[in-house]
Amino acid sequence: MKRIELTLPSGKKVTAAAGVRALDFTQTFDCDPETVFAVRINNEIRALNTVLDVNAVLEPVVSGSRDGSAIYRRTLCFILAAAAHECFPGTRLLVGHSLGYGYYYTLETEKTPGAEDIAALKAEMQRIIAWNQPIETDTVSYRDAAALFESLGLTETRKQLNYICPPKIAVNTLGSFSDQYFGPLLDTTGKIKAFDLMPYGEGFLLRFPATAQPDCLPVFEDIPQLFAVYSRYKKWGKQLDVTSAASLNELIHNRTVNDFIDTAEIFQQKCIADIADRIRDRGNVKVILIAGPSSSGKTTTSKKLSLQLKALGYRPKIIELDTYYVGRELTPKDENGNYDYECLEALDVAQLNRDLIDLFDGKAVKLPSYDFTDGRRYYNGKTLQLDVNDILILEGIHGLNDKLTPLIPAEYKFKIYLSALTQLNLDDHNRIPTSDNRLIRRIVRDARFRGKSAATTISMWDSVQKGERLHIFPFQDNADAMLNTALDYELPVLKVYAEPLLRCVNPLQREYAEASRLLRFLSNFSPIPASNVPGRSIIREFIGGSDFKY
């Protein structure tokens, strides 16, 4: 019998017969086995029931970690789908976007689910969890998967098999219900400790714990403006009958995707035009502050908004907030001793406000420049003076934080928050996370314009997201307007660039788990060539070839 060598987290090496499961080694990890949600096997995150058949380095994926939290949420979604199948047979359960540590769901019925419906769903979920039912993952043939999904009414999952055609398909099973998820699940339902269902909009929210506190639910914080943006795009997608990866793949397969591309671009441009109209209607706006998380398309949005404002008679002037860095020697450091360029204190807020006030008073102002190599600010004679129809645009992560512009009257400011919030799902029960969309954008851009590998970009992503949670997301509800910068055809375009980069991340690298997950995610889309992308599309900011100058 074949023997394999396994390296445990302690560094100890053991031999075992090939065919043992990862679950058999949870007792050897230095943690409570009940908190082990999955196992990292040669830097790939796999379910606990995975069979080990080669030499491997093992590491637990535990509750309270980012990866553990993703597994918890994915499993909770599966339990909800199984409960809905039991409570409302023949009714489609549709997942939406995330909101306040929850996912928005609707039931495809003629009426909004009432309190009794939601209570019945929650009770069934609690029953499934209390019974501590095992969750199985089996590999079935293409024919059997197609028949299974048809029998369960999983229409979008079945439709996707017309365009993604592997000979064998992994299927998750819980009791009499089966579904497909694109990542590992918990081995049993009993490991779910906290969740809730609450009515919201025309559906309900499936609420889950924050990563840092895995056993309790945070206080719900509503963001109605963001939900309104999502609802507008979701309605638009339904009108065009493009709401899933399968329906988008159908357009690509039928060679009719170009009309959808044009429609998506026009709709986004109309949303930008609507914001420009609101700025004009306010009448007294002197400065537009644009903020959004990494790779949300701030630079291109600024340029597209400038064009709309010009059409309304304005002459936009852009000030780059990066030029107001205080200088390396005055920049605060984070807990690891690294310069924290993302904190507000890294900017010379006092000088920025003095310059803005002088500009609004009609004075000429010397604009700074910043040398990122030497880490110092300097002046090279560049000046700015505002005329009657001039309007300022400031783009940066702190734009929605009033501490950036404390001396500027509120009526002078118009704040815009950007979010890459696609309305597409992979299928009825698998959503497309906004953060995945942005990460893939950044991987492509960093490789093409900054010489960074996919592994390098992935390694920085946790830090980037930490900065977003501290400096951007808490202020998003301060925005006067929100803009969705996602384009529903962009992932098939980015796929062409991202897949070769992700395949270069090897199993000896820590980032291999995330690269593998993103490759599985992108495998759901048929490719669209870059030649189909308009020259002024936001996507050009990441793939190149833009008509704009950056």
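The two exercises below, each with a worked solution, concern a predicted model.

**Exercise 1.** Work out in which order the four strands of the open sheet are arranged, and which helices pack on the sheet.

*Solution.* Begin with the strand order, which reads E6-E7-E12-E11 in an open sheet of antiparallel pairing. The edges are then strand E6 (93-98) and strand E11 (196-200), each of which pairs on one side only. From one strand to the next, the twist averages 30 degrees. Turning to the pairing of E6 with strand E7 (residues 102-107), one finds four bridges joining these antiparallel strands, and Val-95 has Tyr-105 in E7 as its bridge partner. Finally, consider the helices: helix H1 (residues 66-87) packs on the sheet and touches E6, E7 and strand E12 (203-207), its direction making about 140 degrees with that of E12, while helix H5 (residues 224-240) touches E6, E7 and E11, with a direction at about 130 degrees to that of E6.

**Exercise 2.** Classify the geometry of the ring pair Phe-360 and Tyr-412, and determine whether each residue is buried or partly exposed.

*Solution.* The ring centres lie 5.7 Å apart and the planes meet at 85 degrees, so the pair is edge-to-face, given that angles over 60 degrees fall in that class. Next, locate the partners: Phe-360 belongs to helix H9 (residues 349-360), whereas Tyr-412 sits in the loop between strand E17 (390-395) and strand E18 (413-419), so the pair ties together parts 52 residues apart in sequence. For accessibility, Phe-360 has a relative value of 17% and counts as buried, but Tyr-412, at 25%, is partly exposed. As a last step, note that Lys-286 lies over the face of Tyr-412, at 5.0 Å from the ring centre.

Key
Residues numbered from 1 in each chain as written. Predicted model: local features only at pLDDT ≥ 70, side-chain atom pairs only at ≥ 80, totals over all residues. Heavy atoms only, no water. Pairing = 2+ DSSP bridges. Helix = DSSP H or I, 4+ residues; strand = E, 2+ residues; numbered from the N terminus. Axes fitted to C-alpha atoms, helices over the stretch in contact; angles between N-to-C directions. Contact = heavy atoms within 4.5 Å. Phe/Tyr/Trp six-rings, centres within 6.5 Å; stacked < 30°, edge-to-face > 60°. Buried < 20%, exposed > 50% of the residue type's maximum accessible area, 1.4 Å probe, protein only. Lys NZ or Arg CZ within 6 Å of the ring centre and 35° of its normal.
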